[in-house]
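Let's work through a few exercises together, one small step at a time. Keep the structure open beside you and try each task before reading its solution.

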Amino acid sequence: MSSVRSTSGFWLCLVVRILTLAKADTEVGYELLFKDAPDEFSDRCVTLSGSSLPFPDWASGDFVMPSLGQFDMGERQFVGILDSFGKLQRFRIEGSRVCATYRIMKTGFYNASKKVGTVGPGILFYETIPKRECPMMNPMCNVQGPNDNNYVNTFKFGDKIMSISDTHTMLEVDPTSLMVEGVHTFEDKVEQAIPFGASAHPKIHPGTGDIIDFVGNGNPFLDSAKVSLFTLNESSPHERKVFQDVHYSSGPYMHSFGVSDKHIVLPRMPVKFNFAKVVSDPLSAAFGPTNPVLDKHSNGFTIVPLNGGDVLYRDLPQDQPLYFVHTVNTYETDTDIVIDLTTDKSNPFLGKKLKMLANRDKTQRDAFTRGGVTRFTIPLDETKPIVAQQISNPAAMTDFPAINPHMDGKKYCFYWAVNWFSDEKRYASMAIVKHNLCSGDLTKPVGRWLRENWYVSEATFVASTEPGAAEDDGILLFVALDGEHDQSYLMGVDAKTMETKSQAGPFPRIAFTTHGQFYRRGTWKIDQDVRGFIV
């Protein structure tokens, strides 16, 4: 009997030990996404080997991925994730060869901070620890700071990379060196007394190919706001042409918006921007709830015809608050406009999700809300209600979406996105998922890419140029952090099958990332000897 007990005790201890080790080995290295990544270099090249296939010829070009680079300076630490100093990474792809360039963005904010040896003046989402204090003789020092830490997204404009955020300021970046060359200047008068916002996700006009974005201007006396929609064309690089002013009784915050064949769709959260608070408080304190009686059209959608017709406001019921971050796609039928948004249960720009310490702590991050993707069908007939439908897994958190860019503004079938809680238990269980919106259960992914203790960025869809290519024929480009070995890789995954095709690396760790963009070979007018491509 004692032998049996001894044996059973041994196996019980072994099982407990295995389970303990298994638990200890999960989420290894996730916190590295929120640790300084200071490496800077130019054209560090690797050759794909082993089972990695060369990238297809149509995927030759530059993949630019912004990220956070530095989370403190001197004695001060950033509290908000998005306040950290920005960084750019570029992967130059040519077949079996990938060359990486990493560069901390030497913005005015970064340079001014380096000069004083700590985090300098500027508007932040959350105040640093320890707190910065403006001099008594200059209480508006943060408002008057450089405020150009714009790393969230990029787009091509002329022969420069424009680096942008939710602000009217655009930075010019050299596409070869990734050095910040300064603020892009405009000679128009779109900004007025209090310019308070723009979108980090400009769109392309479906008819002209011009860039569409907006600038918000606040009226501090009436606490109202005007959102000026404009187009920007490379032929007039310093002039934004306003084609529609949209008026609100309070200041909105819109990180993204949608464009269909005939309309612009501005989603409005039930959040208003307090212009006076920005003078003395961080941005997070300037966000407040709207008053459904006083703040009209503050929860729903503003429909703006591209041809300049009358603006249509479609409000949602107050018990259906529209909290959103990213636009997946927008398209229209004869009777409706359809917009797919990543949504959440509360204001996604406030709370612990965007705070450093909460993301570094497993208990806190596992308590985060699980936002997803919601489809809103908006009838153009104002007598008919807006219909909302979940089109992602409600047990996971889904954001950072991607589609085939050829389907932008059109009825589409597929989107890809990042999942947190991909195992439906742990926030740091991350994956890239694929959804089919044209058949089956729209909430269930039809494909998934994941590796334990690997942490993925947003995926960028590079469409195949082969004749007859289907909507999901292409490569997903993203960077992934191998948490166990503290190294990052550039991944090329088949968008149809979700199988790994190409893996380039290892490269030095890339911290928390934002929005990558792919620039095909021949995008930049750069000397062949410098670039290595025939253009």
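**Exercise 1. Decide how accessible Cys45 is, then find its partner and describe their link.**

Step 1. Cys45 has 32% relative accessibility, so Cys45 counts as partly exposed. The scale calls a residue buried under 20% relative accessible area, exposed over 50% and partly exposed in between, using a 1.4 Å probe and protein chains only.

Before going on, a note on the model. It is a predicted one, in which local features need pLDDT of at least 70 and side-chain atom pairs count only at pLDDT 80 or more, while totals for chains, interfaces and linings use all residues. Residues are numbered from 1 along each chain as its sequence is written, and side-chain values use heavy atoms, with hydrogens and water left out.

Step 2. The partner is Cys99: the two form a disulfide with sulfur atoms 2.0 Å apart. A disulfide here is a pair of cysteine sulfur atoms within 2.5 Å.

Step 3. Turn to the S-S bond: its torsion for Cys45 and Cys99 is about 105 degrees, so this disulfide is right-handed.

Step 4. Cys45 sits in strand β1 (residues 41–47) and Cys99 in strand β6 (residues 97–104), so the link ties together parts that are 54 residues apart in sequence. Helices (H or I, at least four residues) and strands (E, at least two) are DSSP runs, numbered from the N terminus.

Step 5. Cys99, at 6% relative accessibility, counts as buried.

**Exercise 2. Count the disulfides and describe the remaining ones.**

Step 1. The rule gives three disulfides.

Step 2. Cys134 and Cys141 form one of them, with sulfur atoms 1.9 Å apart. The torsion about their S-S bond is about -85 degrees, so this disulfide is left-handed. Cys134 is partly exposed at 23% relative accessible area, whereas Cys141 is buried at 10%.

Step 3. Cys413 and Cys438 form another, their sulfur atoms lying 2.0 Å apart. With -95 degrees about the S-S bond, this link is left-handed. It joins distant parts of the chain, 25 residues apart: Cys413 in the loop between β26 (397–402) and β27 (414–420), and Cys438 in the loop between β28 (431–436) and β29 (447–449). Cys438 has a relative accessible area of 40% and is partly exposed.

Step 4. Counting bonded cysteines along the chain, the pattern reads 1-2, 3-4, 5-6.

**Exercise 3. In what order do the strands of the four-stranded open sheet lie, and which stand at the edges?**

Step 1. The order is β22-β23-β24-β25, with antiparallel pairing. Two strands pair if DSSP finds at least two bridges between them.

Step 2. The edges are β22 (323–332) and β25 (387–390); each has a single partner strand, so one side of each is left without a neighbour in the sheet.

Step 3. Seven bridges join β22 to β23 (residues 336–344). Within β23, Leu341 is the bridge partner of Thr327.

**Exercise 4. Describe the surroundings of Asp336.**

Step 1. Asp336 lies in strand β23 and, at 18% relative accessibility, counts as buried.

Step 2. Leaving out residues up to four places away in sequence, Asp336 touches Tyr331, Thr377, Ile378, Pro379 and Leu380. Contact means heavy atoms within 4.5 Å.

Step 3. Asp336 and Leu380 are 44 residues apart in sequence, with 5.5 Å between them, C-alpha to C-alpha.
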